[in-house]
Amino acid sequence: MKIIDLHQEEKNRIQLAVENNRQAQQLIYSKYAPKMLSVCRQYVKDIHHAEDLMITAFMKVFANLKKFEHKGSFEGWIRRIMVNECISYIRANKKISFLEDENYQEESFNATESQFNVEEIQLLIDTLPDGYKMIFNLYAIEGFKHQEIAALLNINEGTSKSQLSHARRLLQNEIIKLKKYHNGTK
């Protein structure tokens, strides 16, 4: 019973926001802004730029709110707008190149128990070159398939796979360094 009530409450709030009800828009913003800032921060190092991107993306959310069809998660719909805004920003402001790797071989990623906090993990991801970081985030965080990433970024599927492999390798090396530092063996 509560799930239905909560869903209906969100649906009503969205409808009010479509009608430019500022209070409903503020409630939506307040509810989702912290998570969406985190999403933007995954793509953009600078917290101030990430916040600017989030605000710009929320403007797009409210401008296109009438297009939300209540099929699937509202949060997921907002998240996709955030990711697209970050990708557009990176494309427009940075020179990103994706290198074709004809000798690409898929490697397994050894994910061990995480002894690192979220900030340390984000800092590790921030060390990645922009192209690697974008593909790593789209694949590992957002759950996109290589085919979807290739279409979104206008690259070959193999390029997506090789960039992910390179990103994983770099992250593994940084994790090893960080573990040594934590263990005092650096």
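**Eight helices and their packing**

H2 and H3 are oblique to each other, a label for whatever is left once angles under 35 degrees are called roughly parallel, over 145 roughly antiparallel and 65 to 115 roughly perpendicular. The model is predicted, with local features needing pLDDT of at least 70 and side-chain atom pairs pLDDT 80 or more, while totals for chains, interfaces and linings use all residues. Residues are numbered from 1 along each chain as its sequence is written, and side-chain values use heavy atoms, with hydrogens and water left out.

Back to that first pair. Helix H2 covers residues 22-43 and helix H3 residues 47-63, and they pack at an angle of about 135 degrees with their axes 9 Å apart. Here axes are lines fitted to C-alpha atoms (for helices, over the stretch in contact), and angles run from 0 to 180 degrees between N-to-C directions. The H2–H3 crossing is right-handed, as the near helix is turned clockwise from the far one by less than a right angle; anticlockwise would be left-handed. On the H2 side, the contact (heavy atoms within 4.5 Å) is made by Gln25, Ile28, Tyr29, Tyr32, Ala33, Met36, Leu37, Cys40 and Arg41. H3 answers with Ile47, Ala50, Glu51, Leu53, Met54, Ile55, Phe58 and Phe62. Sorted by class, that contact comes to 14 nonpolar, one polar and two charged residues. For this count, Ala, Val, Leu, Ile, Met, Phe, Trp, Tyr, Cys and Pro are nonpolar, Asp, Glu, Lys and Arg are charged, and the others, Gly among them, are polar.

Step back for a moment to the whole chain. The protein chain has eight helices and zero strands, so defined by DSSP runs (H or I of at least four residues for helices, E of at least two for strands) numbered from the N terminus. Of its 186 residues, 35% count as buried, meaning under 20% relative accessible area; over 50% is exposed and in between is partly exposed (1.4 Å probe, protein chains only). Among contacts between residues at least 6 apart in sequence, 69% join residues at least 24 apart.

H2 also packs against H4. Their axes come within 10 Å and cross at roughly 40 degrees, so H2 and H4 are oblique to each other as well. H2 passes H4 in a right-handed crossing. From H2, the residues involved are Ile28, Tyr32, Lys35, Met36, Val39, Cys40, Gln42 and Tyr43. They meet Phe74, Glu75, Ile78, Arg79, Met82, Val83, Cys86 and Ile90 in H4. This contact divides into 12 nonpolar, one polar and three charged residues.

Now for the interior. The largest nonpolar core has 45 residues, and Phe58, Ile78, Met82 and Leu138 have the most contacts inside it. Such a core is a set of buried Ala, Val, Leu, Ile, Met, Phe, Trp, Tyr and Cys residues joined through side-chain atoms within 4.5 Å. Two or more residues each come from helix H1 (2-18), H2, H3, helix H4 (74-93), helix H5 (118-126), helix H6 (130-141), helix H7 (146-153) and helix H8 (157-183). Take Ile78: not counting residues up to four places away in sequence, Ile78 touches Ile28, Tyr32, Met36, Phe58 and Val61.

Ile87 is another residue of H4, and at a relative accessible area of 2% it is buried. Leaving aside neighbours within four places in sequence, Ile87 is in contact with Met134, Leu138, Leu152 and Leu153. Its C-alpha atom is separated by 9.6 Å from that of Cys40, though the two residues are 47 apart along the chain.

Over at H5, Asp126 is a buried charged residue to look at, with a relative accessible area of 6%. Setting aside neighbours within four places in sequence, Asp126 is in contact with Arg41, Lys45 and Lys133. H5 itself packs with H8 at an angle of about 135 degrees, the axes being 10 Å apart. That makes H5 oblique to H8, and their crossing is right-handed. Glu120, Leu124 and Ile125 of H5 make this contact with Leu171, Glu174, Ile175, Leu178 and His182 of H8. The residues there divide into five nonpolar, one polar and two charged.

Finally, two loop residues. His70, in the loop between H3 and H4, has a positive phi near 60 degrees without being a glycine, and is partly exposed at 29% relative accessible area. Asn154, in the loop between H7 and H8, also has phi near 60 degrees; Asn154 is exposed, with a relative accessible area of 71%.
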